[in-house]
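Reader: I am new to this structure and should be grateful for a close look at a single part of it. Would you please describe one sheet, together with what lies around it?

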Amino acid sequence: MTPVLEFDRVGFAYERQPILSGISLSICAGECTALVGPNGNGKSTLARLALGLIQPTHGVIRLFGTQVHRFRHWSLIGYVPQQVAVAAALPISVEEVVRSGLAGQLRPLRRASSTQEERIEHVMDLMGLQQLRRRRFSQLSGGQQQRALISRSLVTTPRLLFLDEPTSGVDTEARTALRDSLEHLVSIEGLAVVYISHDPAGFEGLARRVLEVRDGHVRPAPGPPQVSSALGAVA
Ligand SMILES: Nc1ncnc2c1ncn2[C@@H]1O[C@H](COP(=O)(O)OP(=O)(O)OP(=O)(O)O)[C@@H](O)[C@H]1O
């Protein structure tokens, strides 16, 4: 099966500052991979490279077998960055935030299709947002906002989802609920998740692999036994 995402000997530098070098990894459908590592070692950079937001200085990145600079099916990729600027002062409801995930797919003045409406309802059920759908986004707690933003990224039914610190400011109960929802998406819908976090409790039992980004390299994180097949798979 073609990997959802491949890095083949990828290097990256900001200006002349090397950040990543010789990164080879492969991510498949239906698995969650956690990326851990100290601040400033390149975890978010790795995500931005995979999303084509920045270009590698060396190597090749492929999404669904297509080099990232030629890839066009961006609705297959979800991304919830670490800090999301949603105009907090606007009177925008939770439901509107979630629906805005379809913005790239709807033509002007077109309504969502019945399939898209079903997807919106499914995602809001899964993420426990039905009770909150008419609430103003700005009035939600940090954890509730995070669920709305993740839901927004899920309405296009992506096959690969990047989550950057999804549990920052989230309590234990909400973290467990998020993990259960992601578990469903990974095991039932076959979603591939790249989960960037400093909070192992958020991905415990969910991530099949924990990779550490440190000193420009990606290696299996020290700790419990790893399934390390993602690394070097395309080298
Ligand atoms: N736009 C930029 N221009 C120059 N350097 C940058 C830029 N963005 C990030 N960096 C630098 O690249 C390095 C990697 O940053 P990155 O955000 O990928 O780290 P991270 O591992 O995700 O960190 P954290 O755990 O703090 O989120 C850091 O040294 C950072 O200062």
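Author: The following account takes up the six-stranded sheet, and then what is linked to it.

The model is a predicted one. Its six-stranded sheet is open, with the strands in the order 6-7-8-3-9-10 and with mixed pairing. At the edges stand strand 6 (77-80) and strand 10 (217-220), each of which pairs on one side only. Between neighbouring strands of this sheet there is an average turn of 20°, direction ignored.

Strand 3 (residues 32-36) and strand 9 (residues 209-214) are parallel and are joined by four bridges. Within this pair, Thr33 has Arg209 of strand 9 as its bridge partner, and Val36 stands opposite Glu212 of strand 9. Strand 9 is also joined by four bridges to strand 10, but here the two strands run antiparallel. In that pairing Leu211 stands opposite Pro220 of strand 10. Strands 9 and 10 form a hairpin, with two residues between them. One residue in the turn, Asp215, has a positive phi of about 50°.

Is strand 9 largely enclosed by the rest of the structure, or is it left open? Five of its six residues are buried, so strand 9 is largely enclosed by the rest of the structure. A residue counts as buried if 20 or more other C-beta atoms lie within 10 Å of its own.

Two helices that pack on this sheet may be described next. Helix 1 (residues 43-50) touches strand 3, strand 7 (160-164), strand 8 (192-196) and strand 9. The direction of helix 1 makes about 150° with that of strand 8. Helix 4 (residues 142-154) also packs on the sheet, where it touches strand 6 and strand 7. With the direction of strand 6, that of helix 4 makes about 165°.

Helix 1 leads on to a second sheet. This sheet is open and consists of four strands in the order 2-1-4-5, with antiparallel pairing. Strand 2 (17-27) and strand 5 (66-67) are at its edges and have a single partner strand each, so one side of each is left without a neighbour in the sheet. Helix 1 packs on this sheet as well, touching strand 1 (5-14), strand 2 and strand 4. Its direction makes about 120° with that of strand 1.

Strand 4 (residues 58-63) and strand 5 run antiparallel and are joined by two bridges, and Leu63 has Thr66 of strand 5 as its bridge partner. The loop between strand 4 and strand 5 contains Phe64, which has a positive phi of about 50° although it is not a glycine. Phe64 is partly exposed, with 16 other C-beta atoms within 10 Å. Arg9, in strand 1, likewise has a positive phi, near 50°, and is a residue other than glycine. For Arg9 there are 14 other C-beta atoms within 10 Å, and this residue is partly exposed.

Finally, helix 1 is linked to the ligand. With three residues, helix 1 gives the most to the shell around the ligand. The residues around the ligand include Lys43, Ser44 and Thr45, as well as Tyr14, Ile19 and Val213. By class, three residues of the shell are nonpolar, eight are polar and one is charged.

Technical notes. Residues are numbered from 1 along each chain as its sequence is written. This is a predicted model: local features need pLDDT of at least 70, side-chain atom pairs count only at pLDDT 80 or more; totals for chains, interfaces and linings use all residues. A residue is near a molecule or strand if its C-beta atom, placed from the backbone, lies within 6 Å of it. Ala, Val, Leu, Ile, Met, Phe, Trp, Tyr, Cys and Pro count as nonpolar, Asp, Glu, Lys and Arg as charged, and the others, Gly among them, as polar. Two strands pair if DSSP finds at least two bridges between them. Axes are lines fitted to C-alpha atoms, for helices over the stretch in contact, and angles run from 0 to 180 degrees between N-to-C directions. Two residues are in contact if their C-beta atoms, placed from the backbone, lie within 7 Å. A residue is buried if 20 or more other C-beta atoms lie within 10 Å of its own, exposed if 12 or fewer, and partly exposed in between; C-beta atoms are placed from the backbone.
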